[in-house]
Amino acid sequence: MTRELVNGAVGGILATAAMSVVMLAGDRMGLMPDQPPKRIARAVLPGHRHRPKSGEEVLGAITHFGFGAACGALYALVRGRRHTPILLGAGYGLAIWSVSYEGWVPRLGILPPISGDRPGRPAVMAAGHVVYGTVLVLAVNGLNGAAEA
């Protein structure tokens, strides 16, 4: 079980890095000028929850990678060492997006739900989460295969 958790966390970190590239590309295209991880960090730091704060970018990156690692570990714990199809990973990534951006993120007043968000961000975030899930499955399948070899 420990190996699965470690493989999932490592896969989650790699997947978060790939997802972050998609998010940064969306930012550069003007579709998502304010990164959600930064907005989440801003909301939990002391002071007004919607005003920029010192350290929010660093805290946002740390928590984004931490959340990605935790979601990867959870995935690996549930799946075990079984080989997973890529399509299931993409679905897992979209499920994380849906639960987060239709659930706890708007309920905490950090961002609006997907249907009420600014144009562009939902598409970028959906694509980023598909990339997350796909890379997660590829990484965990590969790490599990390497562990068995």
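A search of the whole structure, which is a predicted model, finds two aromatic pairs. The tour begins with one of them.

**Stop 1: Tyr75 and Tyr92**

Select Tyr75 and Tyr92 and display their side chains. The ring centres are 5.5 Å apart and the planes stand at 45°, so this pair is classed as tilted. Which helices hold the two residues? Tyr75 belongs to helix α3 (residues 56-79) and Tyr92 to helix α4 (residues 86-107), so the pair ties together parts that are 17 residues apart in sequence. Is Tyr75 buried or exposed? Its relative accessibility is 5%, and Tyr75 therefore counts as buried, the cut-off being under 20%.

**Stop 2: along helix α3**

Next, select residues 56-79 to show the whole of α3. With 24 residues at 1.5 Å a residue, α3 should span 34 Å, and the distance between its end C-alpha atoms, 34 Å, agrees with this. Now colour the buried residues of α3, among them Glu56, Gly60, His64, Gly68, Cys71, Tyr75 and Arg79. Move just past the end of the helix to Gly80, where phi is positive, at about 70°.

**Stop 3: Gly72 and its contacts**

Return to α3 and select Gly72, which lies in this helix. Gly72 has a relative accessibility of 0% and so counts as buried. Which residues does Gly72 touch, if those up to four places away in sequence are not counted? They are Gly8, Ala9, Gly12, Tyr132 and Leu136. For a distance across the model, add Pro119: this residue and Gly72 are 47 residues apart in sequence, and their C-alpha atoms are 29 Å apart in space.

**Stop 4: helix α1**

Gly8 and Gly12, both touched by Gly72, lead to the next selection, since they also appear among the buried residues of α1. Select residues 2-28 to display helix α1. This helix has 27 residues and reaches 39 Å from its first C-alpha to its last, close to the 39 Å expected at 1.5 Å a residue. Other buried residues of α1 include Glu4, Asn7, Ala15, Met19 and Met23. Just after α1, Gly30 has a positive phi of about 80°.

**Stop 5: where α2 meets α3**

Two packed helices are described by the angle between their axes and the distance between the axes. Select α2 (residues 36-44) together with α3: their axes come within 8 Å and cross at roughly 110°. That angle makes α2 roughly perpendicular to α3. The crossing of these helices is right-handed. On the α2 side, the contact is made by Pro37, Lys38, Ala41, Arg42 and Val44, and on the α3 side by Glu56, Glu57, Leu59, Gly60 and His64.

Within this contact, focus on Lys38 of helix α2. Is Lys38 buried or exposed? At 18% relative accessibility, Lys38 counts as buried. Beyond residues up to four places away in sequence, Lys38 touches Glu56, Glu57 and Gly60. The C-alpha atoms of Lys38 and Glu56 are separated by 5.7 Å, although the two residues are 18 apart along the chain.

**Stop 6: Pro106 in helix α4**

Finally, select Pro106, which is placed in helix α4. Its relative accessibility is 19%, so Pro106 counts as buried. Leaving aside neighbours within four places in sequence, Pro106 is in contact with Ser100, Tyr101, Leu111, Pro112 and Pro113. Add Asp117 to end the tour: this residue is 11 residues from Pro106 along the chain, with a C-alpha separation of 10.0 Å.

How values were computed
Residues are numbered from 1 along each chain as its sequence is written. Side-chain values use heavy atoms; hydrogens and water are left out. Rings of Phe, Tyr and Trp (its six-membered ring) pair if their centres lie within 6.5 Å; planes under 30 degrees apart count as stacked, over 60 as edge-to-face and the rest as tilted. Helices (H or I, at least four residues) and strands (E, at least two) are DSSP runs, numbered from the N terminus. Buried means under 20% relative accessible area, exposed over 50%, partly exposed in between (1.4 Å probe, protein chains only). The expected span of a helix is 1.5 Å times one less than its number of residues. Axes are lines fitted to C-alpha atoms, for helices over the stretch in contact, and angles run from 0 to 180 degrees between N-to-C directions. Angles under 35 degrees count as roughly parallel, over 145 as roughly antiparallel, 65 to 115 as roughly perpendicular and the rest as oblique. A crossing is left-handed if the near helix is turned anticlockwise from the far one by less than a right angle, and right-handed if clockwise. Contact means heavy atoms within 4.5 Å.
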